[in-house]
Amino acid sequence: MTIDVEVVATSSLGDRSYLAHDGQVAVVVDPQRDIDRVLALAGRLGVRITHVVETHLHNDYVSGGLALAKVTGAAYLVAAADAVAFHRVAVTDGDEITVSGQLRLAVVATPGHTFHHLSYVLHGPTGPVGVFTGGSLLFGTTGRTDLLGKEHAHTLARHQHASARRLADLLPDGAQVWPTHGFGSFCSATQSDASESTIGRERSANPVLRLEADDFVTTTLAGLDAYPAYYAHMGARNADGADAIDLTPVRPASADELRARIAAGEWVVDLRSRKAFARQHLTGTLSFGLDGPMSTWLGWLAPWGAPITLLGESPEQVAAAQRELARIGIDRPAAAATGTPRQLAGGDASRLGELTTATFADLAAARDGRPPHGLPAPDVVLDVRMSNEWRAGHIDGAAHIPLPDLPHRLDAVPDGVIWVHCGSGYRAAAATSLLVRAGRRVVHIDDAYAQAAAAGLPTVTTDKEDI
């Protein structure tokens, strides 16, 4: 009998959950809030979930672990050292959990991402198969160590180094590594393109296993950038124990209600692609396309608890966004509406707008005094990428405000025509819509930053912020 591990990916948040089984019973590791995906997988496989385990109290999403354990009757394993408000099976370093005659978990303390972080070594009939590492040893990197406060980052970074070394010493080179973070999650110290890995591969490539402790700590702390503001609410929510997710349809809003919500300055969000938004949108709405990391950026920028209204092309698009937002604790949007922008405007064409878009080649021409037909010359180029991206290289003469800072720094944006860019166009669309809502004249550069140098725009590096 073989042991199989199935991946349940949440690409929008850069996370993975896992279901390990022997064909009859299963253990689920770090489940997301929407547990219906896990239940459906278990049903397709014909296995019974008997154990649900958490590697740590998560900072980037609301866990579905407690709800899954209640629904299935499974044992819910959480670190004994974590103070939680619900019943759990308290586990600690050295514990062993027999899931079946073929499948066993060994608990290993791996502090670093959090103080009480655990990893779980999966044993099959012939020995260790792999290890569920949560936010400890990731593909080519480790989990970041500053999420519990900058004052703990240095101490946790040293713990992270020791924990990764411990796993490498405990396991053979062929053992699989199954991390929860590291696929775009802001819980990861850096990012990797790898889709799978082993202890041997990490031993040869991962800085935590190649650098001495002091060098690792210095390098790791120097590379950390800002992380989403909603993280501040996730740990407490998970310690309290999240209730079951509610994905019943959002209350529909009429055209008049949308008008009132926009007039009140609320977050009325257009879920269509940024290109569709640019062609036509309801004036005063904000672009957070569902084709990108919508929940991360919307959850980061919108004030916590602020009413959010979702606009989609279809009920299915709104439902998908609702699921994404529930994963980060935005449980019930205030309202929703579907249809074309003209329908959402109640047929009133005066309520419709469009965005002016351009490329980096257009910007280069405009800076040379040759703006393409119909494009206004730029008074300011605004870079809304993160600080690490800015320091690594930016357009000479550009102003810089990271997108998460823009909602409360709109007054800091210089006067005149603003050309806005990011790394690919997604964040710039959100920034452009925020600026347009504030009454500014904006051109959205919907282009990859790599094209800036190719267009002849001079780029520079600096250790300083611009504005």
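Which handedness, left-handed or right-handed, does the crossing of α3 and α6 have? The legends below, which describe a predicted model, begin with that crossing.

**Close-up 1. The crossing of helices α3 and α6.** The crossing of these two helices is right-handed. Helix α3 spans residues 150-170 and helix α6 spans residues 213-222. Their axes come within 9 Å and cross at roughly 130°. The angle lies outside the ranges for roughly parallel, antiparallel or perpendicular axes, and α3 and α6 are therefore oblique to each other. Two packed helices are described by the angle between their axes and the distance between the axes.

**Close-up 2. Residues at the contact of α3 with α6.** From α3, the contact involves Ala 153, His 154, Ala 157, Arg 158, Gln 160 and His 161. On the side of α6, they meet Ala 213, Asp 214, Phe 216, Val 217 and Leu 221. By residue class, this contact comprises 6 nonpolar, 3 polar and 2 charged residues.

**Close-up 3. The salt bridge of Asp 34 with Arg 37.** Side chains of opposite charge can pair when their charged atoms come close. The structure holds 25 salt bridges in total. In the pair shown here, Asp 34 is joined to Arg 37, and the closest N and O atoms are 3.0 Å apart. Asp 34 has a relative accessibility of 1% and therefore counts as buried. Arg 37, at 21% relative accessibility, counts as partly exposed.

**Close-up 4. The salt bridge of Arg 104 with Glu 96.** The side chains of these residues meet at a distance of 2.9 Å, taken from N to O. Arg 104 is partly exposed, its relative accessible area being 27%. Glu 96, in turn, has a relative accessible area of 55% and is exposed.

**Close-up 5. The salt bridge of Asp 348 with Arg 259.** Here the side chains meet with an N to O distance of 3.7 Å. Asp 348 belongs to the loop between α12 (341-344) and β17 (352-353), whereas Arg 259 belongs to helix α8 (residues 255-263), so the pair ties together parts that are 89 residues apart in sequence. Asp 348 is partly exposed, with a relative accessible area of 26%. Arg 259 also counts as partly exposed, at 41% relative accessibility.

**Close-up 6. A network of salt bridges.** Asp 34, Asp 36, Arg 37, Arg 323, Glu 324 and Arg 327 are joined into one network by salt bridges that share partners. The pair of Asp 34 and Arg 37, with its closest N and O atoms 3.0 Å apart, is shown in Close-up 3.

**Close-up 7. The backbone at Asp 30.** Although Asp 30 is not a glycine, this residue has a positive phi of about 50°. Asp 30 is located in the loop between β3 (25-29) and α1 (36-45). With a relative accessible area of 0%, Asp 30 is buried.

**Close-up 8. The surroundings of Leu 105.** Leu 105 is part of strand β8, which covers residues 104-109. At 0% relative accessibility, Leu 105 counts as buried. Leaving aside residues up to four places away in sequence, Leu 105 touches Val 27, Val 53, Asp 95, Glu 96, Ile 97, Val 99, Tyr 120, Val 121, Leu 122 and Phe 132. One of these residues, Leu 122, is 17 residues from Leu 105 along the chain, and the C-alpha atoms of the two are separated by 4.9 Å. Glu 96, also among the residues that Leu 105 touches, forms the salt bridge with Arg 104 shown in Close-up 4.

Technical notes. Residues are numbered from 1 along each chain as its sequence is written. This is a predicted model: local features need pLDDT of at least 70, side-chain atom pairs count only at pLDDT 80 or more; totals for chains, interfaces and linings use all residues. Side-chain values use heavy atoms; hydrogens and water are left out. Axes are lines fitted to C-alpha atoms, for helices over the stretch in contact, and angles run from 0 to 180 degrees between N-to-C directions. Helices (H or I, at least four residues) and strands (E, at least two) are DSSP runs, numbered from the N terminus. Angles under 35 degrees count as roughly parallel, over 145 as roughly antiparallel, 65 to 115 as roughly perpendicular and the rest as oblique. A crossing is left-handed if the near helix is turned anticlockwise from the far one by less than a right angle, and right-handed if clockwise. Contact means heavy atoms within 4.5 Å. Ala, Val, Leu, Ile, Met, Phe, Trp, Tyr, Cys and Pro count as nonpolar, Asp, Glu, Lys and Arg as charged, and the others, Gly among them, as polar. Buried means under 20% relative accessible area, exposed over 50%, partly exposed in between (1.4 Å probe, protein chains only).
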